[in-house]
Amino acid sequence: MAPASERDHAVTAHFVEKEDGTCALLASACPICHTTFFPAQAGCSNCGSFGAMQQRWLGETGCLIEATVCHMAPTGYTAPYILGLVRVEENVEFFSIIDTPIDSYESAVGQQVRLRVRPVGHEPNGAPIVGWIYEPSS
Amino acid sequence: MTDVYVAGVGLHPFGRYPNLGLKQLAAVAIHRALQDAGIGLKDVHGAWVANAYGGLLTGQESVRGQVVLAYAGLHGIPITNVENACAGGSTAFKAAVTSIRAGECDVALVVGVEKMLVSDTPKTIRAVATSADTEFLHGTGFQFIATYAIKAKRYMKSYGATAEDIARVTAKNRRNGCLNPYAHYRKQVTVEEIVQSRLVCDPLHLFMCSSNSDGAAAVILVSDRVVDRLGRGRSVKVLSSRLCSGEFHLGNGAVERIVMEAYDEAGVEPTDLGLIELHDAAASAEWELLESLRVFPPGEAYIHSSRGETEIQGRIPVNPSGGLIGRGHPVSATGVAQIIEVVTQLRGNAGDRGLPKMPKVGLTFNTGGRVINDKAAITVHILAR
């Protein structure tokens with residue numbers, strides 16, 4: 001295993017919208033035990049290795065496992081909005097804003113969703129917060 | 001290795017105290033704990049002070065323990081600052097237990113203190129939100145209560161529990177809080193009032209969620225040597241003190257592992273428990289935690305709960321203090337307050353909320369923060385008289 005260098009740990013965004021419009025989340029994959037981590041990790045909490053972790057871009061497609069309507073919003077966001085638990089692959093699950101109508105969101109649960117990059121809120125100075133969201137694929 | 005005992009307990013009531021800061025809240029709890037133990041400030045060998053948001057909400061970012069204890073009259077001793085979000089108080093307790101077991105200290109003071117109500121609710125909400133990975137979660141709209149809401153929904157869909165069932169747990173804890181002179185909420189609420197309170201994150205209504213509070217809780221822990229000098233009669237023994245962090249990526253939960261470790265260390269089974277104080281940040285969390293504690297089989301906790309088995313008069317009282325819902329949740333004080341409730345019940349000192357059958361063994365379950373898919377910190381304590 002190689003010792004870590006400062007360059008390896010430069011902060012990168014967790015997501016990207018490419019020039020062709022496709023979006024991806026930046027995960028890491030352990031080449032020794034083949035576990036994928038999102039958000040990316042520098043060390044493998046599964047097998048204990050470090051210095052070998054590789055970048056891996058996750059595909060756009062996920063499955064919406066469950067969702068809830070948030071009727072109160074943190075600073076910078078507007079209620080109501082939907083938060084959902086998205087599964088991209090086995091053991092890669094995380095929370096995301098779900099962009100789908102509030103009054104019919106339950107029908108999206110259990111369905112395929114697609115990653116997008118959008119403005120999701122505002123900083124205190126009014127600048128937009130850009131983040132990832134998922135929307136129903138169909 | 002010496003045994004460790006809780007020899008004294010003290011609380012500042014939980015609630016809204018605009019004229020009191022961290023120092024004043026903590027001093028009341030500390031002096032009450034010393035008085036209860038029958039010792040003075042000079043008898044304390046070491047102190048552990050838990051606080052999470054003192055920096056963001058009061059400006060005291062560093063050396064909070066020393067600042068708070070100086071006001072209470074404690075100088076010169078080793079003072080350790082502890083931060084583990086909502087599990088800070090029980091983490092501080094575990095650190096003190098470890099120190100006494102190692103023979104480093106015979107008399108330890110543990111304090112959990114939090115000042116959350118600073119007349120700026122969004123500021124408090126932003127502070128609480130820092131108990132998760134702030135860099136990763138920026139731009140995700142994440143809020144803690146959504147994780148409880150989604151867990152509740154999955155439980156309801158899997159097993160048939162309803163919003164009214166969540167409301168019944170809420171009503172129980174509010175009812176219990178009315179019997180607790182230190183609780184934030186001293187007014188009962190009906191199931192109807194609970195389901196009519198505003199929705200926070202579907203299916204969780206406002207009353208089903210624990211609230212921000214000010215408050216402080218303190219205990220005095222002692223070794224074998226000192227408990228004999230003070231008298232064993234009112235002391236409660238620590239059978240198990242466990243801490244772990246979550247399984248962050250896998251999200252399977254480290255809970256089952258820590259629960260087994262706790263029962264093993266204490267040499268008890270779930271059926272030995274006379275009461276449980278657990279982390280009802282949302283009332284629905286009681287079900288999954290009771291199932292993780294192997295008190296009820298998977299999917300059945302809500303049924304047993306609805307039958308009254310977790311009431312003060314029930315087979316296995318859960319949150320007789322009112323829990324986070326009824327007692328309020330000044331985050332770093334909660335873990336210590338849970339332990340204090342167990343001690344108080346084991347001593348038979350709980351007044352109107354005293355359990356009809358005097359318990360011999362009690363368990364506390366306290367969690368804090370979130371990293372990716374699991375709790376940042378989980379503690380389990382088992383105590384016995």
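In chain A of this predicted model, confidence is lowest in strand β1 (residues 15-17), at a mean of 88, and highest in β5(A), where the mean reaches 97. Over the whole of chain A the mean pLDDT is 90, and 91% of the residues are at 70 or more. These values are a helpful starting point, since where pLDDT is low, the predicted coordinates should not be read in detail.

The fold of chain A is easily summarised: the chain has 9 strands and 0 helices. Read from the N terminus, its elements follow the order β-β-β-β-β-β-β-β-β. Along the principal axes, the C-alpha atoms of chain A occupy a box of roughly 50 × 40 × 30 Å. Strands β8 (residues 112-122) and β9 of chain A are linked by a pair of side chains, A:R118 in β8 and A:E135 in β9, which lie 17 residues apart and so join distant parts of the chain. The pair in question is a salt bridge, with 2.9 Å between the closest N and O atoms of A:R118 and A:E135. A search of the whole structure gives 29 salt bridges over all chains.

Attention turns next to the contact between the two chains. Chain A contributes 36 residues to this contact, and chain B contributes 27 residues. Together, chain A and chain B bury about 2800 Å², with 58% of that area on carbon and sulfur atoms. On the chain A side, A:E66, A:M72 and A:F95 provide 23% of the area buried against chain B, more than any other three residues.

Polar and charged groups also take part. Between chain A and chain B, 18 residue pairs are in polar contact, with both residues at pLDDT 80 or more. Four elements of chain A each give two or more residues to the side that touches chain B, namely β5 (61-70), β6 (81-89), β7 (92-98) and β9 (128-136). Of these, β5(A) supplies the largest share, 6 residues. Sorted by class, the side of chain A that touches chain B holds 23 nonpolar, 8 polar and 5 charged residues. The interface of chain A and chain B also carries 4 salt bridges. A salt bridge between the chains joins the side chains of B:K157 and A:E106, at 3.4 Å from N to O.

Aromatic rings add a further kind of pairing, with 14 aromatic pairs over all chains. In one of them, A:F38 and B:F136 meet edge-to-face, with 5.3 Å from centre to centre and 75° between the planes. This pair crosses between chains: A:F38 sits in the loop between β3 (36-37) and β4 (54-58) of chain A, and B:F136 belongs to helix α6 (residues 134-137) of chain B.

A:F38 reappears in the backbone geometry, where the peptide bond from A:F38 to A:P39 is cis, with omega near 5°. A:P39 lies in the loop between β3 and β4 of chain A. The peptide bond from A:A79 to A:P80 is likewise cis, here with omega near -5°, and A:P80 is placed in the loop between β5 and β6 of chain A. In chain B, B:V63 has phi near 45°, a positive value in a residue other than glycine. The loop between α2 (54-58) and α3 (64-72) of chain B is where B:V63 is found.

Key
Residues are numbered from 1 along each chain as its sequence is written. Chains are lettered from A and ligands numbered from 1 in the order in which they are written. Side-chain values use heavy atoms; hydrogens and water are left out. Contact means heavy atoms within 4.5 Å. Buried area is the accessible area (1.4 Å probe) that two parts lose on being put together, summed over both. A polar contact is a pair of N or O atoms within 3.5 Å; within protein, one must be able to donate a hydrogen and the other to accept it, and residues adjacent in sequence count only if both atoms are side-chain atoms. Ala, Val, Leu, Ile, Met, Phe, Trp, Tyr, Cys and Pro count as nonpolar, Asp, Glu, Lys and Arg as charged, and the others, Gly among them, as polar. pLDDT is the predictor's confidence in each residue, from 0 to 100. Rings of Phe, Tyr and Trp (its six-membered ring) pair if their centres lie within 6.5 Å; planes under 30 degrees apart count as stacked, over 60 as edge-to-face and the rest as tilted.
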